[in-house]
Structures are given as structure tokens and as C-alpha cells.
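Thanks for making time this morning; I would like to walk through one model with you, beginning with a single side chain and working outwards from there. Please have the structure open while I talk.

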Amino acid sequence: MTIYSNLTEFSLHPTAKSMTSLTLSDNGRVLIPAALREQLGFKPGGKIYAEVKDGSLVLTSPARHYAKLREYFDQHLPATPGRSLVDEFIAERRAEAAREERE
């Protein structure tokens, strides 16, 4: 018997054209249909990133999660030709070590 008070619906993406109805089990588990798992690249035993956005549960594949991170850092820390953040970091650490030695 399905208890409809435990039924929850969510959209996997804000621009989704259709919504799939899923059932929340008594222990809080939700079965994601195979078609959705394939579409999103979810693999058995793999990680899935979950967050609540505007009252909706959003599930993201690792590939999409990392792509969003790359987009964020590209936007906020654009690459500068000829500039190496690693080289800058090492130079800062060496300068700091030299200052400590003088003290």
C-alpha cells in the first residue's frame, strides 16, 4: 500500500519540461528511475551531489558539479597568460621564510 502523504515530487533541473513523481520510503530513501540515472550519468556506488535550491531538491552528477566549480573559478579568477599562481605562491612562501630567518 502506498502512503500518499509520504509522496514527494521534485524537479531535477529548474528548466525541466516534465516532473517525475518519486516515493519517499519510510527510512528516507528515494529510488531514482533508470532513465533519469542514465540521463544524468549517475553510476551505482557513485557520488551524487544534493542541495536545496528555492525549495527544490537538486541532484547533480560529479561531472556537472565540477563543471560548475570550474565556471565559478573561471569567472572569479580568470586565467592571465604568463601568470602562474603556483609560482606566485612559492615566491610568497620563500619571501615569508626569508623574513622569518632575518628575525
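Does Y66 count as buried, partly exposed or exposed? Please keep in mind that this is a predicted model, and that everything I quote is computed from it. At 41% relative accessibility, Y66 counts as partly exposed, because that category covers the range between the 20% limit for buried and the 50% limit for exposed.

Let me place that residue in the chain as a whole. The chain has 3 helices and 4 strands, and from the N terminus on the elements follow the order β-β-α-β-β-α-α. Of the 103 residues in the chain, 12% are buried, and the accessible surface amounts to about 8,900 Å², with 55% of it belonging to carbon and sulfur atoms. Among the contacts with a separation of 6 or more, 14% are between residues 24 or more positions apart.

Now to the aromatic rings, where the structure holds 2 pairs. In one of them, Y49 and Y66 meet edge-to-face, at 6.2 Å centre to centre and with 75° between the planes. That pair links distant parts of the chain, since Y49 sits in strand 3 (residues 49-53) and Y66 in helix 2, 17 residues apart. Y49 is partly exposed, with a relative accessible area of 24%. The other pair, Y72 with F73, is edge-to-face as well, at 5.3 Å centre to centre and 85° between the planes. Both of its members are partly exposed, Y72 at 44% relative accessibility and F73 with a relative accessible area of 46%.

Which residues, then, make up the nonpolar patch on the surface? They are Y66, L69, Y72, F73, L77 and L85, which together have about 580 Å² of accessible area. Helix 2, which spans residues 62-76, supplies the largest share of this patch, with 4 residues. L77 lies in the loop between helix 2 and helix 3 (85-102), and because its relative accessible area of 44% is over the 30% that a patch member needs, L77 can be counted in the patch.

For contrast in topic, let me finish with T60, which is found in strand 4 (residues 56-60). T60 is buried, because its relative accessible area of 7% falls under the 20% limit. Leaving aside residues up to four places away in sequence, T60 touches F42, I48, Y49, H65 and K68, and one of these, Y49, is the residue that pairs with Y66.

Note on methods
Residues numbered from 1 in each chain as written. Predicted model: local features only at pLDDT ≥ 70, side-chain atom pairs only at ≥ 80, totals over all residues. Heavy atoms only, no water. Patch = residues over 30% accessible without salt bridge, like charges linked within 9 Å, V, L, I, M, F, W, Y side chains within 5 Å. Areas by Shrake-Rupley, 256 points an atom, 1.4 Å probe, with all protein chains shown as cover. Salt bridge = Lys/Arg side-chain N within 4 Å of Asp/Glu carboxyl O. Helix = DSSP H or I, 4+ residues; strand = E, 2+ residues; numbered from the N terminus. Buried < 20%, exposed > 50% of the residue type's maximum accessible area, 1.4 Å probe, protein only. Contact = heavy atoms within 4.5 Å. Phe/Tyr/Trp six-rings, centres within 6.5 Å; stacked < 30°, edge-to-face > 60°.
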